[in-house]
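Subject: Handing over the structure

Hi,

Here is the structure I promised to pass on to you. Have a look at it first, and then read on for my notes.

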Amino acid sequence: TELLNRIPGWETMSDRQRLEALADIEPVGSLSTHNVTTLDYRTHLADLLNPHVDVEPVEATHLAFGNDETPPDETDDALEGENYRTELSDIIQEDERYRTITLLGSDDAVGDELIESGLVTAADPGDAGDMLVNRVILTDDRLRPKTTDHAVRIRVDISYHDVADETEVSS
C-alpha cells in the first residue's frame, strides 16, 4: 500500500512503467551477491561459435525461484526446489553485459520461500528446451517467505570478461 500512496496510478501501470517509477524511490533495503553461470549455458555459448555444431540460440525469458539453499555450482541444471517463475520485465544489452530486470509486485509469489533464483529459457519448467542460465542464493529475509508488504526489483547481470584461457602456437 505504500507504493500506492507514493506513486499515483501504480495499480494501472505496466511492469516497465513501475520499474521507471521505482528508479526515483530509495529502496527499503538491497543486497548484491555473486551468481554462477551454468556449464550448460557456457557450453551453449561455445557451441554457437563452432560452425560444425548445429545449434539454435536461446533467450532467457523468465526468472525462476526456489526454496533450496544449496550453494550454486556450475553443474546445476535446474533449481532444486522451484516454486515460482515469472516473465522478465526488461532485458538490456550493454556491450559485454547482459542485464535483466524483473519486478515482483506485492501480490506476486506471496507465501513462497524465494531462496534460490536463476534465469531460464522457457515459461514452463517442464519444457524440454528449458535451460538454467545462472543460479544465485538470495539472502534477503524479506523473501523468506515473500509477503504482500513489499514489491521486489531483481536485477541480474551477466558479464563477459576478457579472460582468455590459453593460446598455444607450436611449430
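Below is what I found, going from the sheet to the cores and then to a few single residues.

One thing to keep in mind throughout is that this is a predicted model.

**The sheet**

Five strands make up an open sheet, and they follow the order E1-E7-E6-E2-E3 with antiparallel pairing. Its edges are strand E1 (36-37) and E3, each of which pairs on one side only. E1 is joined to E7 by two bridges, in the antiparallel sense, and valine 36 has arginine 135 as its bridge partner in E7. Strand E6 (residues 116-120) also pairs with E7, again antiparallel and over two bridges. There, glutamate 116 has isoleucine 137 of E7 as its bridge partner. Towards the other edge, E2 and E3 run antiparallel and are joined by five bridges; one of the pairs is glycine 66 with glutamate 82 in E3.

E7 deserves a second look, since both of its faces are covered. Asn134 and Val136 are buried on one side, and Arg135 and Ile137 are buried on the other.

**The cores**

As general background, nonpolar side chains in soluble globular proteins tend to be buried together. In this model the largest nonpolar core has 20 residues, and those with the most contacts inside it are Leu63, Phe65, Leu104, Leu114, Leu119 and Ile154. E2, strand E5 (97-104) and strand E8 (152-159) are the elements that contribute two or more residues to this core. The largest share, four residues, comes from E8. A second, separate core has eight residues, including Ile7, Leu19, Ala21 and Leu103.

Leucine 104 is a good place to centre your view. Setting aside residues up to four places away in sequence, leucine 104 touches Phe65, Tyr84, Thr86, Leu114, Lys146, Ala151, Val152 and Ile154.

**Helix H2**

Helix H2 (residues 15-22) has Arg18, Leu19, Ala21 and Leu22 as its buried residues. Viewed down the axis of H2, these residues fall within an arc of 160°, so they line one face of the helix.

**Two polar residues**

Is asparagine 134 buried or exposed? Its relative accessibility is 2%, and because buried means under 20%, asparagine 134 counts as buried. The residue lies in strand E7 (residues 134-137). The side chain of asparagine 134 makes a polar contact with the side chain of asparagine 35 (3.3 Å), and the asparagine 134 side chain also reaches the backbone nitrogen of leucine 119 at 2.7 Å. Beyond its neighbours within four places in sequence, asparagine 134 is in contact with Asn35, Val36, Thr37, Thr38, Ser117, Gly118, Leu119, Val156 and Ile158.

Aspartate 73 sits in the loop between strand E2 (62-66) and strand E3 (82-87). This aspartate is partly exposed, with a relative accessible area of 37%. The side chain of aspartate 73 makes a polar contact with the side chain of threonine 75 (2.5 Å). Not counting residues up to four places away in sequence, aspartate 73 touches Val36 and Arg135, and those two residues are the bridge partners that link E1 and E7. The C-alpha atoms of aspartate 73 and valine 136 are 9.2 Å apart, although 63 residues separate the two along the chain.

Happy browsing, and best wishes!

Technical notes:
Residues are numbered from 1 along each chain as its sequence is written. This is a predicted model: local features need pLDDT of at least 70, side-chain atom pairs count only at pLDDT 80 or more; totals for chains, interfaces and linings use all residues. Side-chain values use heavy atoms; hydrogens and water are left out. Buried means under 20% relative accessible area, exposed over 50%, partly exposed in between (1.4 Å probe, protein chains only). Contact means heavy atoms within 4.5 Å. A polar contact is a pair of N or O atoms within 3.5 Å; within protein, one must be able to donate a hydrogen and the other to accept it, and residues adjacent in sequence count only if both atoms are side-chain atoms. The arc is that of the directions from the helix axis to the C-beta atoms. A nonpolar core is a set of buried Ala, Val, Leu, Ile, Met, Phe, Trp, Tyr and Cys residues joined through side-chain atoms within 4.5 Å. Two strands pair if DSSP finds at least two bridges between them.
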